[in-house]
Amino acid sequence: MNALLYTLPVIAYFVINKNKSKIVQGDAASFKTWDKYTNQRITNLHPSIRTDVYRAIQELQRKGINVRIASGYRSFKEQNEIFAKVPKVTKAQGGQSYHNYGLAVDVYEIKSGKLYEGNRKEIAAVFKKFGFDWGGDWPTFKDYPHFQKTVKGGWRELLKKQKAGKLKNGYVII
Ligand SMILES: [Zn+2]
């Protein structure tokens with residue numbers, strides 16, 4: 001009887017969470033950049049971009065440019081919290097940002113422990129080489145730290161798939 005009492009909540013927990021989009025992280029030990037925060041943040045990204053983000057950061061590192069991922073994957077809830085901020089910092093609500101699918105990173109160069117803006121173009125060139133689109137190229141709202149792997153149909157398509165449960169390890173199948 002006791003065993004059953006302990007077992008039932010566990011079973012209930014797994015049944016309830018089975019269909020939730022709980023993401024399965026990568027292993028931070030496989031991403032060794034100069035920066036532990038960056039290593040950790042790579043593990044949350046969509047599996048299809050982890051290696052390219054890692055390689056881009058490594059290549060920059062070899063050029064003497066140390067970038068940190070300030071923001072990578074964000075849950076819908078976290079996105080809505082940012083959306084609600086005054087003054088406005090984003091136009092995207094939960095589900096409307098590539099970050100919500102782990103397909104975007106915001107990166108900043110750190111030089112002598114401080115933010116450095118001087119190498120934006122070099123950083124963009126390396127990320128573009130690995131197939132990322134740069135927020136600095138957007139015609140209206142320029143988002144210089146932002147890089148994403150653009151998908152056909154954009155966030156609407158990603159959201160549709162998320163809602164339909166087209167997921168693997170919690171990430172939308174692309
Ligand atoms: Zn961004």
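Q: Two residues are in contact if their C-beta atoms, placed from the backbone, lie within 7 Å; which residues does valine 53 touch, not counting residues up to four places away in sequence?
A: This is a predicted model, in which local features need pLDDT of at least 70 and side-chain atom pairs count only at pLDDT 80 or more, while totals for chains, interfaces and linings use all residues. Residues are numbered from 1 along each chain as its sequence is written. Once neighbours up to four places away in sequence are set aside, the residues that valine 53 touches are Ile42, Leu45 and Val105.

Q: Over which residues does pLDDT stay under 50?
A: pLDDT is the predictor's confidence in each residue, from 0 to 100. The protein has a mean pLDDT of 90, and 88% of its residues reach 70 or more. One stretch, with two contacts in the model beyond four places in sequence, stays under 50: residues 11–19.

Q: In what order do the elements run from the N terminus on?
A: Helices (H or I, at least four residues) and strands (E, at least two) are DSSP runs, numbered from the N terminus. The protein has six helices and seven strands. Read from the N terminus on, the order is α-α-α-β-α-β-β-α-β-β-α-β-β.

Q: How far apart are the end C-alpha atoms of helix α3 (residues 47–62)?
A: The expected span of a helix is 1.5 Å times one less than its number of residues. For the 16 residues of α3, that span should be 22 Å. The model agrees with this, because the end C-alpha atoms of α3 are apart by 24 Å.

Q: Within what arc do the buried residues of α3 fall, seen down its axis?
A: A residue is buried if 20 or more other C-beta atoms lie within 10 Å of its own, exposed if 12 or fewer, and partly exposed in between, with C-beta atoms placed from the backbone. In α3 the buried residues are Ile49, Val53, Tyr54, Ala56, Ile57 and Leu60. The arc is that of the directions from the helix axis to the C-beta atoms. These residues line one face of the helix, because they fall within an arc of 165°.

Q: Which element gives the most residues to the largest nonpolar core?
A: A nonpolar core is a set of buried Ala, Val, Leu, Ile, Met, Phe, Trp, Tyr and Cys residues joined through C-beta atoms within 7 Å. This one has 28 residues, of which Val53, Phe127 and Phe147 touch the most other members. Two or more residues come from each of α3, β1, β2, α5, α6 (154–163) and β7 (171–172). With six residues, the element that gives the most is α3.

Q: Which residue of β5 stands opposite aspartate 106?
A: Two strands pair if DSSP finds at least two bridges between them. Antiparallel pairing joins β1 and β2 over four bridges, and three bridges join β2 to β5 (residues 146–148), also antiparallel. Opposite aspartate 106, in β5, stands histidine 146.

Q: Which residue in the turn of the β2–β3 hairpin has a positive phi?
A: β2 and β3 (residues 114–116) pair in the antiparallel sense over three bridges. Their hairpin has two residues between the strands. Most residues other than glycine have a negative phi. The residue in this turn with a positive phi, about 50°, is serine 112.

Q: How wide an arc do the buried residues of α6 cover around the axis?
A: Trp155, Leu158 and Gln162 are buried in α6. They sit on the same side of α6, while Arg156 and Lys163 on the other side are exposed. What covers the buried residues includes β6 (167–168) and β7. Around the axis, the arc they cover is only 60°.

Q: Which two residues does the cis peptide bond join?
A: Most peptide bonds are trans. One cis bond here has an omega of about -5°, and its proline 87 is in the loop between α4 (76–83) and β2. The bond joins valine 86 and proline 87.

Q: Is asparagine 169 buried, partly exposed or exposed?
A: Asparagine 169 lies in the loop between β6 and β7. Its phi is positive, about 55°, although this residue is not a glycine. With 13 other C-beta atoms within 10 Å, asparagine 169 is partly exposed.

Q: How far is aspartate 137 from alanine 124 in space, C-alpha to C-alpha?
A: Aspartate 137 is in the loop between β4 (133–134) and β5. It counts as exposed because it has 11 C-beta neighbours inside 10 Å. Aspartate 137 and alanine 124 are 13 residues apart in sequence, and their C-alpha distance is 9.5 Å.
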